Amino acid sequence: MLRTIFKRSSISLLLFYLVACSPENEIKEYSLTGQTMGTVYNIKLVNKSLDEKLLSEISVAIDSSLKQVNQKMSTYITESEISLFNNHYDTTVFTISSEFSQVIKEAQRVNQISSGAFDITVNPLVNLWGFGSKSDMRKMPSDIQIKAIFKIIGSEHIKFVDENTLKKDIPELEIDLSAIAKGYGVDVVVGVLNKFNQDNFMVEIGGEVFTRGKNIINEKWKIGIDKPKYLALPGQDLQNILSISNVGLATSGDYRNYFEFDGKIYSHTINPKTGKPVTHNLASVTIVAPNCMQADALATAVLVMGIEDGLKLLESLENVEGYFLARISLSEFEEVLTSGFDKYLN
Ligand code: ADP
Ligand code: MG
């Protein structure tokens, strides 16, 4: 997983280049990379020769769709839909786009099934701990500060009046979609590639992934799972390699975005019940699900819930599997898998 903050920058490097080609059948792999949501995206397309005009059309469509996602869901853009909602210090109705509605609905569903572990209203806590758009440094808040914030959080305070209308019942309520929007962005790009009739591709935004069809060597796509080591770079030290196709995959971890205080590590995933970063030894959770938005939200939910409750939740869900890495020492990790995860391990 890359660093996951959801910043303003959305300058995309529109760059399709040929990465590999398989001479027997003239299948080629094209790669597109750029920046969105404060992180990097990587797209690989496997196909027979694609002409330059088509490649350029695809890249323009992807870039514009990601800009739209950012414009709706980034708290780093003052006039984004989410910022307008957060600044609507009122309990009157607020009209939302259908895309925003889709993401909030999924967030609320995951909040319910995770018994509140996933909660997009934790934004004031995220900022208090120094991980949000309104904070410039990581810091230790006091218990009094945390307690005060409990009054203005809770997903039950957001209500759908109808499909495209939301209502807060606490004016100060704010939301943060960082734990679900990258997954949603991946699904949006998948939609664009489907429209262009692409059958073999891998889409990745900041470590959240969806793959379709086969890779350049006609196998399922191979996705590496990092060892959740503090300070290691993505891909530097892999714990495992998964073979996946036609599913979304997301990893949440405590090892990329964190700070240290008095010898203790505090990471950016907040337990809404304690108001504090999660403290157990679960270092990373990887979820495979039918789409990436679901995988993304569930990965954060399960990281909050811990191994036992997380396993119970995942086993109760259809077509969802999970892979947990529990920290034994700084460089040793124990793997815990849901009952159907084996099929993704080569
Ligand atoms: P990771 O890849 O580790 O899951 P994400 O960026 O996807 O990282 O999600 C973490 C972000 O989600 C945090 O930086 C914060 O903005 C937000 N967040 C933290 N705790 C929760 C929670 N319990 N429920 C929903 N969102 C959360
Ligand atoms: Mg995530």
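Between domain 1 and domain 2 of this predicted model, contact involves 27 residues on the side of domain 1 and 28 residues on the side of domain 2. In domain 1, the residues that lose the most area to domain 2 are Tyr 184, Phe 259 and Pro 272, which together account for 24% of what that side buries. The size of an interface is often given as the accessible area lost when the parts come together; here the two domains bury about 2400 Å² between them, and 74% of that area lies on carbon and sulfur atoms.

The division behind this description assigns residues 11–70 together with 180–344 to domain 1, while domain 2 takes in residues 76–168. Taken over C-alpha atoms, the centres of the two domains are 24 Å apart.

Turning to the polar side of the interface, the count between domain 1 and domain 2 is 3 residue pairs in polar contact, with both residues at pLDDT 80 or more. Several elements of domain 1 each supply at least two residues to the side that touches domain 2, namely helix H6 (178–195), strand S12 (258–261), strand S13 (264–267), strand S15 (276–277) and helix H7 (292–305). Of these, H7 gives the most, with 8 residues. Sorted by class, that side of domain 1 has 17 nonpolar residues, 8 polar residues and 2 charged residues.

The count of salt bridges between the two domains is 1, whereas a search of the whole structure finds 11. A link between distant parts of the chain is made by Lys 276 in strand S15 and Asp 143 in helix H5 (residues 143–150), which are 133 residues apart. These two residues form a salt bridge in which the closest N and O atoms are 3.5 Å apart.

As to confidence, the chain averages a pLDDT of 91, and 93% of the residues score at least 70. Over residues 1–13, however, pLDDT stays under 50, although the model has 63 contacts beyond four places in sequence for this stretch. Where pLDDT is low, the predicted coordinates should not be read in detail.

Notes: Residues numbered from 1 in each chain as written. Chains lettered and ligands numbered in written order. Predicted model: local features only at pLDDT ≥ 70, side-chain atom pairs only at ≥ 80, totals over all residues. Heavy atoms only, no water. pLDDT = per-residue confidence, 0-100. Contact = heavy atoms within 4.5 Å. Domains from an automatic or database assignment. Buried area = accessible area lost by both parts, 1.4 Å probe. Salt bridge = Lys/Arg side-chain N within 4 Å of Asp/Glu carboxyl O. Polar contact = N/O pair within 3.5 Å; in protein donor to acceptor, adjacent residues only side chain to side chain. Helix = DSSP H or I, 4+ residues; strand = E, 2+ residues; numbered from the N terminus. Nonpolar A, V, L, I, M, F, W, Y, C, P; charged D, E, K, R; others polar.
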